[in-house]
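Dear colleague,

I am passing this structure on to you, and my notes on what was found in it follow below. Please read them with the model open beside you.

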Amino acid sequence: MKRIVVWLLAVLMMVPLACGTKTGQADGEETNTAGSETDGGSSAEEKADGAGSGEEKFLKAGVSFNIASMDAHLDYNGWYTNVYGMTEELFKLNANYEVEPWLAEKAESEGKTWTITLKKEAAFSNGKALTADMVVRNLRRAAEKNERFAYLGEYEMAAVDERTLTITTPEVYPTMMNDLASPELAIMDLDDSADIDNSPICTGPFVASEFEPKGTVKVSRNENYWNGSAKLSGAVFYYMPEDDTRQMALQNGEIDCYDFVTASAMELYAADPDSYHLTVLPASRLQFYILNENRLEDGVREAVTLAVDKEAIASFLQGTVSAAKGPFAESSAYGKVTVPDVNPEGAKASLEGAGYTLNKNGFYEKDGEELDLNIAYYASRSLDSLALLIQEQLKEVGINSHLTCEEDPDATYIATGDFDLALYCMIADKAGDPYYFIDSTLRDGAYFDVGGFDDPECERLIDELKYEVDTERRAQLANQIIQIAIDDHAFGYVGLFNKVTVTLSGVTGFAEQLPYDFYGIDANSDIQ
């Protein structure tokens with residue numbers, strides 16, 4: 001592998017970036033690039049003076065995103081108002097990819113109707129109690145304001161009493177709680193949020209104190225927080241889009257924490273554990289490939305599976321990804337699948353069993369035609385490096401290949417199926433449930449069903465998964481479905497991007513233990 005790494009580094013230095021970085025519709029992330037860089041300095045009163053003394057403690061964070069409005073229902077704004085500790089949803093996702101109550105106390109389903117009970121303590125920062133009627137109004141507003149949640153408008157919603165609401169769907173809908181954990185469905189006081197773009201009234205442990213659109217955001221403790229008193233007096237979030245700027249600000253003590261840490265910075269922080277605390281978690285953004293069954297016979301696809309070394313790829317990418325077995329984190333109940341070990345000799349045996357022989361060039365051929373795979377990719381999410389690494393690993397077992405870089409994968413190889421091996425990256429686990437990814441990749445006619453995968457048993461299990469309400473059974477079904485695709489050598493799940501967070505020593509609670517991007521500070525965040 002050392003020789004491959006040296007070779008790839010040399011190639012990457014020589015290869016021009018000829019294709020763009022436009023990602024597809026399923027990439028699942030809003031990108032914010034507008035706005036100017038904000039000075040990472042801080043005033044004297046924002047210095048943390050330790051815990052337990054009654055002195056004020058202000059957290060200073062560097063963030064790579066910015067928003068033009070604090071209206072949580074617009075676009076992906078709810079992701080960031082969650083990070084600021086301002087907004088909350090009816091449910092939330094924990095470190096094990098499980099849904100748990102937040103503003104809601106419980107949810108029960110009977111047929112097509114969900115009955116949701118709110119926590120009696122839940123209240124807004126203005127002291128007003130959270131009511132079922134206000135929740136219904138928020139969900140209806142989100143359906144009107146955000147096209148990704150327009151489907152909520154098709155549901156019948158009603159407030160039964162002050163703390164109880166019902167949601168009735170056209171058909172049985174087992175993932176309602178997962179949907180209601182989406183940060184864009186944050187609950188705001190729509191009556192008192194006169195300036196909802198700059199200072200919405202929310203339920204979280206912090207409230208907006210200063211908001212610079214597409215710039216710095218400051219929050220202060222919500223003195224009326226319904227779930228205890230926040231340990232921090234407040235926090236400031238500096239918009240720092242450049243990796244080097246965040247790194248320098250942390251080293252200079254101008255900020256206390258940031259996430260999306262680069263590989264080079266990880267190495268620096270890991271070398272000084274007394275000053276920095278580094279947390280690395282496999283998250284939900286997946287690198288994977290599709291093998292085209294319309295072009296490649298079983299023996300060739302099996303050879304590719306046995307040749308691709310995911311651990312070596314993760315090592316080359318220097319801690320920014322973790323090798324994947326399936327599309328979901330192994331810590332989740334629906335991430336329990338098995339994959340064959342890397343086996344170069346087994347890959348060769350598979351090819352030879354399919355009638356291929358080595359030619360004078362060291363590549364396998366059949367009936368006088370050399371096997372030459374078209375690897376299609378786009379130059380984002382490290383897929384350019386991934387394409388080169390896979391190409392070299394295939395070469396090691398005698399499979400020749402060539403690379404095709406496209407600016408827009410969705411309009412080219414995903415739309416046309418013109419590939420042998422197609423690379424893609426997307427958020428596989430959006431809400432603590434496997435159905436979204438499975439339905440979009442493995443179901444017959446799905447968006448990513450472009451490689452000819454077709455299995456009747458898999459289709460039957462997906463139909464069962466769609467309506468299954470028991471979470472344990474859902475996990476079992478998902479594992480069965482994904483295993484069928486793996487055993488068919490239809491898809492290869494290469495790596496899950498790591499969520500890498502760094503904090504100064506003594507700083508805790510910057511959502512460093514959660515694999516999702518849309519949580520940040522909460523009432524337990526602290527500076528010791």
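**Thr169 and its surroundings**

Thr169 has its place in the loop between β7 (164–168) and α4 (176–179), in what is, please bear in mind, a predicted model. With a relative accessible area of 4%, Thr169 is buried, and its side chain reaches the backbone oxygen of Glu171 at 2.5 Å. If neighbours within four places in sequence are left aside, the residues in contact with Thr169 are Lys112, Tyr155 and Met176.

**The protein as a whole**

The secondary structure of the protein comes to 14 helices and 22 strands, and buried residues make up 55% of its 528 residues. Of the contacts between residues at least 6 apart in sequence, 70% join residues that are at least 24 apart.

**Asn146**

A second loop residue with a relative accessible area of 4% is Asn146, which is therefore buried; Asn146 is found between α3 (132–145) and β6 (156–161). The side chain of Asn146 reaches the backbone oxygen of His73 at 3.2 Å, and His73 also appears among the contacts of Asn146 beyond four places in sequence, together with Leu74, Asp75 and Glu184. Computed along the chain, Asn146 and Leu185 are 39 residues apart, while in space their C-alpha atoms are separated by 9.7 Å.

**Helices α7 and α9**

How are helix α7 and helix α9 arranged where they pack? Helix α7 (residues 298–307) and helix α9 (residues 344–353) pack at an angle of about 175 degrees, with 8 Å between their axes. Since an angle over 145 degrees counts as roughly antiparallel, α7 is roughly antiparallel to α9. On the side of α7 the contact is made by Gly299, Val300, Glu302, Ala303, Leu306 and Ala307, and on the side of α9 by Pro344, Gly346, Ala347, Ser350 and Leu351. By character, the residues of this contact divide into 7 nonpolar, 3 polar and 1 charged.

Helix α7 also holds Thr305, which is buried, with a relative accessible area of 14%. Beyond its neighbours within four places in sequence, Thr305 is in contact with Tyr289, Leu291, Pro340 and His489. Thr305 and Asn343 lie 38 residues apart in sequence, and their C-alpha atoms are 8.9 Å apart in space.

**Helix α14 and the residue that follows**

Does the end-to-end distance of helix α14 agree or disagree with its number of residues? Helix α14 (residues 471–487) has 17 residues, which at 1.5 Å a residue should span 24 Å, and the C-alpha atoms at its ends are indeed 24 Å apart, so the two agree. At the N-terminal end, α14 is capped by Asp470, a side-chain oxygen of which lies 3.2 Å from the backbone nitrogen of Glu472.

The buried residues of α14 are Arg474, Ala475, Leu477, Ala478, Asn479, Ile481, Ile482, Gln483, Ile484, Ala485 and Ile486. What covers these buried residues includes α12 (435–441), α13 (456–467) and β20 (491–504).

Just after α14 comes His489, with a positive phi of about 55 degrees, and this residue lies in the loop between α14 and β20. His489 is buried, with a relative accessible area of 13%, and it is one of the residues in contact with Thr305 of the preceding section.

**Two further loop residues**

Is Arg381 buried, partly exposed or exposed? Arg381 is partly exposed, because its relative accessible area is 24%. Arg381 lies in the loop between β17 (372–377) and α10 (383–396), and its phi is near 55 degrees, a positive value in a residue other than glycine.

Pro409, in turn, is found in the loop between β18 (400–405) and α11 (413–416). At 0% relative accessibility, Pro409 counts as buried. Along the chain, Pro409 and Tyr377 are 32 residues apart, yet their C-alpha atoms are separated by 7.1 Å.

With best regards

Note on methods. Residues numbered from 1 in each chain as written. Predicted model: local features only at pLDDT ≥ 70, side-chain atom pairs only at ≥ 80, totals over all residues. Heavy atoms only, no water. Axes fitted to C-alpha atoms, helices over the stretch in contact; angles between N-to-C directions. Helix = DSSP H or I, 4+ residues; strand = E, 2+ residues; numbered from the N terminus. Parallel < 35°, antiparallel > 145°, perpendicular 65-115°, else oblique. Contact = heavy atoms within 4.5 Å. Nonpolar A, V, L, I, M, F, W, Y, C, P; charged D, E, K, R; others polar. Expected span 1.5 Å × (residues − 1). Buried < 20%, exposed > 50% of the residue type's maximum accessible area, 1.4 Å probe, protein only. Polar contact = N/O pair within 3.5 Å; in protein donor to acceptor, adjacent residues only side chain to side chain.
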